[in-house]
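Me: I'm new to this structure and would like a close look at one part of it: the empty spaces. Could you walk me through the pockets and cavities, and whatever helps me find my way around them?

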Amino acid sequence: MTKEHANWSPYDFNGGTCVAVAGADYCVIAADTRMSTGYNILTRDYSKICKLAEKSVLASSGFQADVRALQKHLDARHLIYQHQHNKQMSCPAMAQLLSNTLYYKRFFPYYAFNVLGGLDNEGKGCVFTYDAVGSYEKVGYSSQGSGAKLIMPFLDNQLKSPSPLLIPAQDAVTPLSESEAIDLVRTAFASATERDIYTGDKLEILVLNKEGLRREYMELRLD
Amino acid sequence: MDPKNTSPLLVDDIQRTQYPYVTGTSVIGIKYKDGILIAADMGGSYGSTLRYKSVERLKGIGKHSLLGASGEISDFQELLRYLDDLILYDNMWDDGNSFGPKEVHNYLTRVMYNRRNKFNPLWNSLVLGGVKNGQKYLGTVNMIGVHYQDNHVATGFGNHLAVPILRDEWKEDLSFEDGVRLLEKCMRVLLYRDRSAVNKLQIAKITEEGGVTISPPYSLKTYWEFAAFKNPTAGAEGSW
């Protein structure tokens, strides 16, 4: 006998793709709403996007139980911050908090792949992209999750961000208008869902600008 | 080392669940017009041996919730003790407030995720349904804390065999009779194709006014004379 009994793993991979694009005065954060395990679709309507503060929005994929624990933890930390400072946390501050939170569990990581989008103190769009243990970078656009390998090269091709090696550092925000950015994100997901089985069902898009937060949806393939 | 001052993770003779002993198979749950319906059979499998045939896997929790469990039966029964304590303690406040299904589901999710963090999981997939303040609620959580809500949910084999039927036939305003018929259709498919399913099941109902009702055990009518059952390899020549 080779197999005596079922075994277990503390991790699962529930799929999903996240994208964020920053512009001069807006930020677009998007993710699909499919939740899978292996070849099963568990549910077609699970939001991966979490509004953490007035001007920071987090999109996360990976292991759903860890993602939810992480979101709840950040929500609680933000509530404490509000009580202590009587203001909303800024997006760059939230970015650092997220990095520290992930690294705190360096040796039993949150299996979560995050993109944090928001507006900085000048009202300019900003995007922070992470790995599971907290390494992070400020960029102009990013994608994480199961469809990232399909979406990221497309965004690179369309947006041609200035090299981070340039001195003096060049601003990373994209030159697109808000509606162009939304269209780009829609196209990116429409393509990713064709080839990535973990991306589909519905696309949830959050748009953050000086007017506030707006939410829209787009149907994706169900197969 | 004094075991009292040591983290339980460092004590090497501590027992943790690494695999289940007696298990229950699929649970399926649906929303219907007036509330929630959950179905489960009464088998308790010891590996591939059908060890117990009258295991109750559906229980009412407090006034507004209904719980169904698949996986390790003893872990489920321990979980019921936790929930009894929780509901009792909540009652003792005597403040007119009570836990709804959302709160119970959240509690279960916390317990399951917490135990997986300790590498000592409760080996179950749970379905939790309920109605409170006119709001229907149906959710599920598994042994590592993955959880979600939907109009219909299933665990284990039910995810493969029942969910496709439910996606086809489930409607928002199913009557009680149609809901039971739909669940029985799913349970029948599971009975035919899941070897650990047994033909003795219960269906539980929860509504706002009526509270929890769990049916007495009963069996489904089956028909084993299908040609494909009698001679499953007919027409399948194979490649060698």
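Reply: Here is a tour of the open pockets, then a helix pair, then the enclosed cavities. Keep in mind that this is a predicted model.

Let's start with the largest pocket, which holds about 1,500 Å³ of space. It is lined by 47 residues, and the ones closest to its centre are A:Ala6, B:Gly71, B:Trp123, B:Ser125 and B:Gly156. If you want to trace its walls, look on chain A for strand E4 (40-43), which supplies at least two residues of the lining. On chain B, the elements that each supply at least two residues include strand E1 (22-24), strand E4 (44-46) and strand E7 (65-72). Strand E8 (124-132), strand E9 (135-141) and helix H3 (157-161) of chain B each do so too. Of these, H3(B) gives the most, with 3 residues. Sorted by class, the lining of the largest pocket has 19 nonpolar, 23 polar and 5 charged residues.

Now move to the second largest pocket, with about 690 Å³ of space. Of its 28 lining residues, A:Tyr46, A:Arg68, A:Lys72, B:Asn106 and B:His147 are the closest to its centre. Chain A brings in strand E5 (49-53) and H1, while chain B brings in helix H2 (101-117) and strand E10 (147-149), each with at least two lining residues. The top contributor here is H2(B), which gives 9 residues. By class, the lining of the second largest pocket has 9 nonpolar, 10 polar and 9 charged residues.

Since H1 of chain A has just come up as part of that lining, it's worth a short detour to see what it packs against. Helix H1 (residues 64-85) of chain A and helix H2 (residues 91-104) of chain A have axes that come within 11 Å and cross at roughly 130°. The two helices are therefore oblique to each other, and H1(A) passes H2(A) in a right-handed crossing. On the H1(A) side, the contact is made by A:Leu70, A:His73, A:Leu74, A:Arg77 and A:His78. On the H2(A) side, look for A:Met94, A:Leu97, A:Leu98, A:Thr101 and A:Leu102. Put into classes, this contact has 6 nonpolar, 3 polar and 1 charged residues.

Next come the cavities. A search of the whole structure turns up 2 of them at 30 Å³ or more. The largest cavity has a volume of about 80 Å³. Its lining is made up of A:Asn14, A:Gly15, A:Arg34, A:Met35, A:Tyr46, A:Lys48, A:Ser60, A:Ser61, A:Gly62, A:Phe63, A:Gln64 and A:Val67. Strand E6 (56-62) and H1 of chain A are the elements that give two or more residues to that lining, with E6(A) providing the largest share, 3 residues. By class, you'll find 4 nonpolar, 6 polar and 2 charged residues around the largest cavity. You may recognise A:Tyr46, listed here in the lining of the largest cavity and also among the residues closest to the centre of the second largest pocket.

Last stop: the second largest cavity, with about 70 Å³ of space. Among the residues lining it are B:Thr25, B:Ser26, B:Asp41, B:Met187, B:Leu190 and B:Leu191. Others in that lining include B:Ala197, B:Val198, B:Asn199, B:Leu201 and B:Leu220. Helix H5 (residues 176-193) of chain B gives the largest share, 3 residues. By class, the lining of the second largest cavity has 7 nonpolar, 3 polar and 1 charged residues.

Technical notes. Residues numbered from 1 in each chain as written. Chains lettered and ligands numbered in written order. Predicted model: local features only at pLDDT ≥ 70, side-chain atom pairs only at ≥ 80, totals over all residues. Heavy atoms only, no water. Axes fitted to C-alpha atoms, helices over the stretch in contact; angles between N-to-C directions. Helix = DSSP H or I, 4+ residues; strand = E, 2+ residues; numbered from the N terminus. Parallel < 35°, antiparallel > 145°, perpendicular 65-115°, else oblique. Left-handed = near helix turned anticlockwise from the far one by under 90°. Contact = heavy atoms within 4.5 Å. Nonpolar A, V, L, I, M, F, W, Y, C, P; charged D, E, K, R; others polar. 1 Å grid on protein atoms, 1.4 Å probe; cavity = no way out; pocket = protein on both sides within 12 Å on 5 of 7 lines; lining within 4 Å. Points joined across faces, edges and corners; volume = space filled by probe spheres on them.
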